[in-house]
Amino acid sequence: MTYRLDLDDIQGNIIRAYGRYSYPFARYYFLNISDPAKGRAFVGQVAERVTTAVRWPNEAARPQCTVNIGFTFFGLYRLNLSQRTLRSMPEEFIAGMKDRAFLLGDRDQTKTEAEAAAWDAHWDPIWQGNRRGDGYDDDNVHIWISMNAQQKEPGVAEPVAALEETAEWLKRLCDESGGGVKILGGHGRDGSMDHQPASAVFNEIGGVMVPTPTEHFGFADGIGDPVFAGQYPPEEEKTAVIGRGKRLGHGWVPLATGEFVLGHPDESQELPPTAAPAKFMRNGSFMAYRKLHEKVGSFSEVIRTEGERFARVRGVSQGEAEATLCAKLCGRWVDGIPLAVAPDFESWTKLRGELGFDVEDPLQAFKNQIDYLKSPASSDFRYADDMPGYKTPSGAHLRRVNTRDYLDPLNTHGVDADGIPHRNEKATTQLNKRRRILRRGLPYGPPHGVEKTDDTEQGVAMMVVAASLFRQFEFVQQQWIQYGLDFNQGNDTCPMLGNHEVHKRFTIQSDPKSGKAPYVMSGLKTFVECRGGDYFFLPSLSALRQLAMGVVDPT
């Protein structure tokens, strides 16, 4: 039975990852409200242009530039939302991301509050100043507004003119508010920008500039985003859900809508907790905005130096060694093929050929890769036949952020008499389904051809959407990324996203039948560093109108 959603009431960025729908450019603005009445009027004007989740019947129906909006707790406070409603908001949303830095791994967990007084000195100025005092501070972030734009024309790494026009419209609204709402600057290390720009990584392929699905370390990214009921039309859902929904005994089905959209049943068959009145939060969601800086220089150095040692130990070329180490750290080869499908360099090279990734025409090869990444084949795999981690290392990034059937108690870590790992066909993703998150956002960084180091500005402007930031985002970040016990890794953190100031190891398991010993990388560095962010509520369209009119009545 098809689950129906009020798509015209839900913001479009909850349903869609715009980057996959040919919107390779974005700007993220953050605003402060000093006058509640003018703030409500501003919200009413923005609501008229917010992009909803209504499905586009054809290419011409798609907006050239999307607009979406979210509010921090203090943003709702400055709009004079009732105290009863504010008090019953989730604790983590009220506290904000900076206050949760200790459990998120953004702050050195070995230092006391006094010792870590300037722990956020590396954050962008806008986020250093955010939440220093009460909600009346003029440097507090209250509103997040995103704009995603289409490409000007094929082969050109420029956005359509509508992006700049929409930015000018936003600035005009702020000017007309007479100072009641203002855009906050302070983006970048020097704080010189009034917004956070973002863009897909463009590469020159076959003589033209093409937006790629990669991030700045070079990995194909954003492949296995979860699918929930009502997100896709029935026919599309049948294919999209494979490898991206939840796996039950009879196959793949969508996750419950309430895991991502408030006011709908979740995987516990309950409605997610919401503040009163329930209608205000229905069809909304929560979002964690995180600016994640990628230290490309450190990553390249570690892969090169470890690659030299790996090549000597395993008797392979430097190129094969580096490609293999990258794949083992991530859980996928750089082109997106999972290790669960092609566990070694030879099988990967063979599969690339079969999929047409190496055909003579580079544009056709790129198209073949994109077709594969969009297909179920890129996500339809399990870990039940690889419990010891011989194919995909137990601590690899991919296993940590989406455990699939790995944690099912029906699975065991043993092997049979022939040394083949046990596989339980009845194992499901039941223990993973309440930890899934929707990934939104785009990379940011210099244009094609600019050398990237630890000091250049590049990374991912990441937005995590979930019904519960605590149960979903914070759990994954704290327990699976910054800690490793669920994966038999002790205190070793995620090799890609984890903090490696103290724990620098990553173990690559090896099948004893191969005659090769496990390989331990012992010189990991922190490759990804948070540069700031906060938690936001993404209201429905009806809730935006309630906010604009000031008629949110908790009774």
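**Entry 1: charges over rings**

I began with arginine 435, which lies over the face of phenylalanine 475, at 3.7 Å from the ring centre. I note here that I am working with a predicted model. I then looked for a lysine in a similar place, and I found that lysine 291 lies over the face of tyrosine 444, with 5.0 Å to the ring centre.

**Entry 2: the strand of tyrosine 444**

I followed tyrosine 444 to its bridge partner, which is glycine 459 in strand β12. Strand β11, residues 438-444, is joined to β12, residues 459-466, by seven bridges, and the two strands run antiparallel. I also asked myself how many of the seven residues of β11 are buried. The count is five, so I wrote the strand down as mostly covered, with buried taken as under 20% relative accessible area.

**Entry 3: nonpolar cores**

I looked up the largest nonpolar core, which has 126 residues, and I listed Tyr28, Phe42, Ile145 and Tyr289 as those with the most contacts inside it. I chose phenylalanine 42 for a closer look and, leaving aside its neighbours within four places in sequence, I found it in contact with Leu31, Ile143, Ile145, Leu170, Leu173, Cys174 and Val181. Apart from the largest core lies another one, of 13 residues, and among them are Trp333, Ile337, Ala342 and Leu373.

**Entry 4: aromatic pairs**

I counted the aromatic pairs and arrived at 31. For the pair of tryptophan 144 and phenylalanine 536 I noted 6.4 Å centre to centre and 50° between the planes, and this pair is tilted. Tryptophan 144 lies in strand β3 (residues 143-149) and phenylalanine 536 in strand β15 (residues 528-538), so the pair ties together parts that are 392 residues apart in sequence. I checked how covered each partner is: tryptophan 144 is buried, with a relative accessible area of 1%, and phenylalanine 536 is buried as well, at 0%.

Next I took tryptophan 333 and phenylalanine 345, whose ring centres are 6.4 Å apart; their planes stand at 65°, and because an angle over 60 degrees counts as edge-to-face, I recorded the pair as edge-to-face. This pair links distant parts of the chain, twelve residues apart, with tryptophan 333 in the loop between α12 (318-330) and α13 (345-355) and phenylalanine 345 in helix α13. Tryptophan 333 is buried, with a relative accessible area of 1%, whereas phenylalanine 345 counts as partly exposed at 25% relative accessibility.

I also traced a cluster in which ring pairs link Phe73, Phe74, Tyr77, Phe93, Phe280, Phe286 and Phe537.

**Entry 5: a neighbour in helix α13**

Staying in helix α13, I looked up glutamate 346, which has its place there. Is glutamate 346 buried or exposed? With a relative accessible area of 67%, glutamate 346 is exposed. I also took the separation of the C-alpha atoms of glutamate 346 and glycine 307, which are 39 residues apart along the chain, and it came to 17 Å.

**Entry 6: helix α17**

In helix α17, residues 541-549, I found Leu541, Ala543, Leu544, Gln546 and Leu547 buried. I asked which elements the buried residues of α17 pack against, and the list is α2 (36-47), β2 (65-71), α3 (73-78) and α10 (278-281). Just after α17, glycine 550 takes a positive phi of about 70°.

**Entry 7: cysteines**

I searched the whole structure for disulfides and found zero. Cysteine 174 is in no disulfide, and the nearest cysteine sulfur, that of cysteine 65, is 15 Å away. Cysteine 174 counts as buried at 7% relative accessibility. Cysteine 330 is in no disulfide either, with the nearest cysteine sulfur, that of cysteine 494, 8.7 Å away. Cysteine 330 also counts as buried, at 8% relative accessibility.

**Entry 8: backbone details**

I checked the peptide bond from alanine 276 to proline 277, which is cis, with omega near 0°, and I placed proline 277 in the loop between β9 (251-253) and α10.

I then looked at positive phi values in residues other than glycine. Arginine 131 has a positive phi of about 60° although it is not a glycine; it is found in the loop between α7 (125-129) and β3, and arginine 131 is buried at a relative accessible area of 14%. Arginine 404 has a phi near 50°, again a positive value in a residue other than glycine. Arginine 404 lies in the loop between α15 (397-401) and β11, and it is buried, with a relative accessible area of 4%.

Notes:
Residues are numbered from 1 along each chain as its sequence is written. This is a predicted model: local features need pLDDT of at least 70, side-chain atom pairs count only at pLDDT 80 or more; totals for chains, interfaces and linings use all residues. Side-chain values use heavy atoms; hydrogens and water are left out. Buried means under 20% relative accessible area, exposed over 50%, partly exposed in between (1.4 Å probe, protein chains only). Helices (H or I, at least four residues) and strands (E, at least two) are DSSP runs, numbered from the N terminus. Two strands pair if DSSP finds at least two bridges between them. A nonpolar core is a set of buried Ala, Val, Leu, Ile, Met, Phe, Trp, Tyr and Cys residues joined through side-chain atoms within 4.5 Å. Contact means heavy atoms within 4.5 Å. Rings of Phe, Tyr and Trp (its six-membered ring) pair if their centres lie within 6.5 Å; planes under 30 degrees apart count as stacked, over 60 as edge-to-face and the rest as tilted. A charge sits over a ring if NZ of Lys or CZ of Arg is within 6 Å of the ring centre and within 35 degrees of the ring normal. A disulfide is a pair of cysteine sulfur atoms within 2.5 Å.
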